[in-house]
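Student: I would like a close look at one helix in this model and at what lies around it. Please go on from there to the neighbouring parts.

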Amino acid sequence: MNLLYALSIVMIVCLPSSGAAGPDPNVVASIKPVHALVAGVMQGVGEPVLLLKGGASPHGYNLRPSEVQSLNQAQVVFWIGRELETFLIKPLGNAVGVRSVELLRAPGVETLPLRESGNWEPHAHHDDDDEHDHAQAEAGHRHSDVDAHIWLDPRNAMAMVRQIGAVLSEVDPDHKADYQRNAAALSERLQQLEQSLQKQLESVRGKPYIVFHDAYQYFERRFALTATGSITLNSERPVGARRIQDIRERIENNQVICVFSEPQFKPTLVETLIKDSSAKSGVLDPLGADLPEGPEAYFQLLNNLAAGLRACLGI
Ligand SMILES: [Zn+2]
């Protein structure tokens with residue numbers, strides 16, 4: 001009897017003290033690459049909720065009611081910023097007590113101006129907004145001149161990770177040590193990723209190619225690649241015959257080796273463009289549409305871009 005009694009005491013004492021460091025925070029991330037970085041910083045503490053799943057494009061997206069609800073329940077929402085996820089401007093403006101973190105404005109993130117010269121199709125993000133939303137988005141901030149695809153430079157990802165770690169440590173100080181340790185480990189891996197990509201992409205430098213939409217400026221700059229233009233932002237808006245002719249001429253004149261489509265868009269346009277030319281077609285995915293959610297998605301996304309470029313541009 002005594003032994004049994006003693007055992008039960010031991011068992012009670014040894015039960016895992018669930019939630020000793022407080023419950024994990026309710027965190028939402030907008031797009032998969034942002035979600036991956038947040039998930040990396042939260043590893044061992046909790047998992048963030050991903051808003052835009054699958055192949056949905058952040059350009060001109062509209063939130064469903066269930067998604068608005070998960071926004072309102074969040075303590076923190078990490079997103080790129082009003083330049084990219086225009087669909088978040090209004091719901092986040094209305095959400096009370098939700099901390100909104102625009103990573104484009106994080107310390108250390110370097111931004112580049114949008115390219116709008118002849119070869120680069122203008123990258124407007126407001127096409128689907130009505131007059132009112134548009135005016136509201138434009139009021140107070142001039143933002144139409146920044147390229148929002150900041151995550152495709154691993155150095156920007158490092159700055160984003162620092163900010164994610166700092167914000168989570170403030171919101172959930174009980175887990176500060178976890179966030180700081182995870183952020184440091186992630187930064188280390190991002191540094192290694194950059195070095196590895198520099199090596200992987202050596203063989204494709206100087207080889208001209210055309211991309212589907214102008215999402216890859218940060219990647220090109222960091223790795224000294226030779227993109228010569230983009231086709232369109234939105235395949236639902238037909239590309240005019242004149243523009244098709246222009247791009248076909250550019251493929252000839254610049255000896256473009258590859259024209260890349262994206263998984264969200266039908267590749268028929270690309271096939272039309274390269275018909276009767278020596279150019280090949282490939283696929284690049286700036287969002288990681290098909291990648292499993294989680295910390296590895298960021299690394300897979302960038303490695304897949306390098307693999308896609310090498311597969312099509314390599315000899
Ligand atoms: Zn884009």
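Tutor: What follows starts with one helix, moves to the sheet beside it, and then passes to a second sheet and two loop residues.

The model is a predicted one. The helix to begin with is α2, residues 32-41. Of its 10 residues, 10 are buried, so α2 is largely enclosed by the rest of the structure. The buried residues are Lys32, Pro33, Val34, His35, Ala36, Leu37, Val38, Ala39, Gly40 and Val41. Lys32 and His35 are thus on the buried list along with residues such as Leu37 and Val38. The cover over these residues includes three strands, β1 (27-29), β2 (49-50) and β3 (76-79). It also includes three helices, α6 (154-171), α7 (176-200) and α11 (296-313).

The strands in that cover belong to an open sheet of 4 strands, ordered β2-β1-β3-β4 and paired in parallel. At its edges are β2 and β4 (99-102), each of which pairs on one side only. Between β3 and β4 the parallel pairing runs over 4 bridges, and phenylalanine 78 has valine 101 in β4 as its bridge partner. The helix α2 packs on this sheet through contacts with β1, β2 and β3. The direction of α2 makes about 145° with that of β1.

Two of the covering helices, α7 and α11, also pack on each other. Their axes lie 10 Å apart, at an angle of about 5°, which makes α7 roughly parallel to α11. On the α7 side the contact is formed by Leu193, Leu197 and Gln200. These meet Phe299, Leu302, Ala306 and Arg310 of α11. Sorted by class, the contact holds 5 nonpolar residues, 1 polar and 1 charged.

From α11 the path leads to another sheet. This one is also open and has 4 strands, in the order β8-β7-β9-β10, with parallel pairing. The strands β8 and β10 (280-283) stand at the edges with a single partner strand each, so one side of each has no neighbour in the sheet. On average, and with direction ignored, neighbouring strands here are turned by 25° against each other. The pair β9 and β10 is parallel over 4 bridges; within it, cysteine 258 has lysine 280 of β10 as its bridge partner. Helix α11 packs on this sheet and touches β7 (209-211), β9 and β10. Its direction makes about 170° with that of β10. The helix α11 therefore has a place in both parts of this account: it is among the elements that cover the buried residues of α2, and it packs on the sheet that contains β10.

Two loop residues remain, and the backbone is the point of interest in both. Most residues other than glycine have a negative phi. Alanine 224, which is not a glycine, has a positive phi of about 50°. Alanine 224 sits in the loop between α8 (217-223) and β8 (227-230). It has 11 other C-beta atoms within 10 Å, so it is exposed, the limit for that class being 12 or fewer.

Glutamine 255 likewise has a positive phi of about 50° without being a glycine. Its loop is the one between α9 (241-253) and β9 (258-261). Glutamine 255 has 13 C-beta neighbours inside 10 Å and therefore counts as partly exposed.

How values were computed:
Residues numbered from 1 in each chain as written. Predicted model: local features only at pLDDT ≥ 70, side-chain atom pairs only at ≥ 80, totals over all residues. Buried ≥ 20, exposed ≤ 12 C-beta atoms within 10 Å, placed from the backbone. Contact = placed C-beta atoms within 7 Å. Pairing = 2+ DSSP bridges. Axes fitted to C-alpha atoms, helices over the stretch in contact; angles between N-to-C directions. Parallel < 35°, antiparallel > 145°, perpendicular 65-115°, else oblique. Nonpolar A, V, L, I, M, F, W, Y, C, P; charged D, E, K, R; others polar.
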